[in-house]
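Me: I'd like to learn how to read a structure like this one at my desk. Could you take me through it feature by feature?

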2 protein chains.
Amino acid sequence: MEIRTGLLTITMAEKDSVRCQIVEAAKKRFSHFGYGKTTMAEVAADCSMSPGNLYRFFPGKLDIAECIATEDYERHLESLRKLALAPGKSARDRLRDLLFEELRRTYHKLEKDPRAYEMATVIAHERPQYANWMLANERKIFVELFDDAEKKGEIAIPDKEITAEMIQAATMKFRYPQLWSKLTLPKLERELDGVLKLLIDGLCGTSREGARTEAAA
Amino acid sequence: MEIRTGLLTITMAEKDSVRCQIVEAAKKRFSHFGYGKTTMAEVAADCSMSPGNLYRFFPGKLDIAECIATEDYERHLESLRKLALAPGKSARDRLRDLLFEELRRTYHKLEKDPRAYEMATVIAHERPQYANWMLANERKIFVELFDDAEKKGEIAIPDKEITAEMIQAATMKFRYPQLWSKLTLPKLERELDGVLKLLIDGLCGTSREGARTEAAA
DNA sequence: AGATTGAACAATTCGTTGATTATTCAGAAA
DNA sequence: TTTCTGAATAATCAACGAATTGTTCAATCT
């Protein structure tokens, strides 16, 4: 029994390492030639295996891309969480930091890297649920931020999950910036700044001063 | 001189009536068979003229479509203006009515009428500035509403044009509903309701009661 | 027995060709 | 002269065969 489990964990670890190898090979190919221009045969050859063998580790080509995207996205999520719970900052500022980070990341990613853009559109097109999964993950972070702010007595939001949804709806334009408008990053940042001011303070906002950020830079 | 101007206005009026005839013929064809499936030759035949003659009245096929769209859009603008300045309603309610009307109109237009959807996408693709022109028109209405509200002492908004831009940015998702999400109209209405609540009252909104609209219906 | 292969299969993409159609313009008609 | 025509042109589109490529699986190897 010990030997059996030992063998099992070894093969599991092996499997994982092979998966990893495949992902690394695909990452190189995708970022170099693009998703469409790399073939499964090439990825397999890079891993010194047959094309068919890839399918023991991934259901299909698109799943390799998804794996790569998810790896990257989860790093991004962590950086968002860090911003959301940054100590010594008001909830307002943290919310702002969160949304600005989101805007800047997607902007730069899609702007300077046509390969990343290609992968994003393919995944979005072929797996519509993926975008929803990402949104849900970010809502969790909003809720964590709200919980924390509430604990500290900063603000009291009745339905945090709903409020998070509404903030997402209102900032859609800044989440997939170049699908929408061909605005430059500075212009987008100015707009996001204005929208946030409205969202936080409302139309007849009381505290209309403390909102000068680095957006004007 | 009198005769000259007389002749001129007559030919102008004639030209306009021919333009009108062309637009009517195209409208029938476009709504029946779609923009892509109707040919200039057919429109010309419907007007008992040669294809070439169409180009004395319109620079191209797309301009006929644009003319039709604009005609329709200007009716819509008028109905928006009516809502914006409706007497006996608070600025808040009028703003809400405006945005809900906008959502419902585009939703129904694009939902039930694939021809309208086709024309919208073709124009949006071929004439990117057109969407901007529409947005600018609607901002004017927002500003009129704000001016009116200010006169009545309801609210005081410092930079009305900017605020209008921000409201548009925050409600993008509801302006081209089906390009974004495949949400149903009731869900969209609930979301718009929530976003408006945030926009008007802010995150820690004070007056969280008077916001029950027909959105729940 | 389980892991791996690579030829076979099916789906997709690609490039070419032919037809359709928007647009132009030299000339006819008014 | 001004208005209009319709054949000529050029751009776009549709179709279809060929080639490529994602995926499967019977056979092979370890």
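Me: Let's begin with the DNA. How do the residues of the surface near DNA strand C divide into nonpolar, polar and charged?

Reply: Keep in mind that this is a predicted model. To read a surface like this, list the residues around the strand and sort them by class. Near DNA strand C there are 6 nonpolar, 7 polar and 2 charged residues.

Me: Which residues are closest to DNA strand C?

Reply: Of the 15 residues that surround strand C, the closest are A:Gly52, B:Thr39, B:Met40, B:Gly52 and B:Gly60. Both chains are in that list. As for elements, H3 of chain A, helix H2 (40–46) of chain B and H3 of chain B each give two or more residues to this surface. H3(A) has the largest share, 3 residues.

Me: And which residues come nearest to DNA strand D?

Reply: There, 15 residues lie around the strand, and A:Thr39, A:Gly52, A:Gly60, B:Ser50 and B:Gly52 come nearest. Two or more residues each come from helix H2 (40–46) and helix H3 (51–54) of chain A, and from helix H3 (51–54) of chain B. H3(B) gives the most, with 3 residues. By class, the surface near strand D has 6 nonpolar, 7 polar and 2 charged residues.

Me: Now the two protein chains. What turn and shift lay chain A on chain B?

Reply: The trick is to superpose one copy on the other and look at the operation that does it. Here a turn of 180 degrees with a shift of 0.0 Å along the axis lays chain A on chain B, with an RMSD of 0.1 Å. That is how a two-fold axis relates two copies.

Me: How many residues are in contact between chain A and chain B?

Reply: 20 residues of chain A are in contact with 20 of chain B. On the chain A side, helix H8 (160–170) and helix H10 (185–201) each supply at least two residues. The largest share, 7 residues, comes from H10(A). That side of chain A divides into 14 nonpolar, 3 polar and 3 charged residues. Also, 100% of the interface residues of chain A are interface residues in chain B too, so the copies meet through the same surface.

Me: How do I describe a pair of packed helices?

Reply: Two packed helices are described by the angle between their axes and the distance between those axes. Try it across the interface: the axes of H10(A) and helix H8 (residues 160–170) of chain B come within 9 Å and cross at roughly 90 degrees. That makes H10(A) roughly perpendicular to H8(B). A:Glu191, A:Gly194, A:Val195 and A:Leu198 of H10(A) make the contact with B:Ile162, B:Met166, B:Ala169 and B:Ala170 of H8(B). By class that is 6 nonpolar, 1 polar and 1 charged.

Me: Let's stay inside one chain. At what angle do H4(B) and H7(B) cross?

Reply: Helix H4 (residues 61–84) and helix H7 (residues 128–151) of chain B cross at roughly 15 degrees, and their axes come within 10 Å. That makes H4(B) roughly parallel to H7(B). Their crossing is right-handed. Among the residues that meet are B:Tyr73, B:Leu77 and B:Leu80 in H4(B), and B:Met134, B:Ile141 and B:Leu145 in H7(B). The contact has 8 nonpolar, 1 polar and 4 charged residues.

Me: Which way is the crossing of H4(B) with H6(B), left-handed or right-handed?

Reply: H4(B) passes H6(B) in a left-handed crossing. Helix H6 (residues 114–126) of chain B packs on H4(B) at an angle of about 115 degrees, with the axes 10 Å apart. B:Leu62, B:Ala65, B:Glu66 and B:Ala69 of H4(B) make the contact with B:Met119, B:Val122, B:Ile123 and B:Glu126 of H6(B). This time the classes are 6 nonpolar, no polar and 2 charged.

Methods: Residues are numbered from 1 along each chain as its sequence is written. Chains are lettered from A and ligands numbered from 1 in the order in which they are written. This is a predicted model: local features need pLDDT of at least 70, side-chain atom pairs count only at pLDDT 80 or more; totals for chains, interfaces and linings use all residues. Two residues are in contact if their C-beta atoms, placed from the backbone, lie within 7 Å. Helices (H or I, at least four residues) and strands (E, at least two) are DSSP runs, numbered from the N terminus. Ala, Val, Leu, Ile, Met, Phe, Trp, Tyr, Cys and Pro count as nonpolar, Asp, Glu, Lys and Arg as charged, and the others, Gly among them, as polar. A residue is near a molecule or strand if its C-beta atom, placed from the backbone, lies within 6 Å of it. Axes are lines fitted to C-alpha atoms, for helices over the stretch in contact, and angles run from 0 to 180 degrees between N-to-C directions. Angles under 35 degrees count as roughly parallel, over 145 as roughly antiparallel, 65 to 115 as roughly perpendicular and the rest as oblique. A crossing is left-handed if the near helix is turned anticlockwise from the far one by less than a right angle, and right-handed if clockwise. Copies are superposed by least squares on the C-alpha atoms of residues with pLDDT of at least 70 in both.
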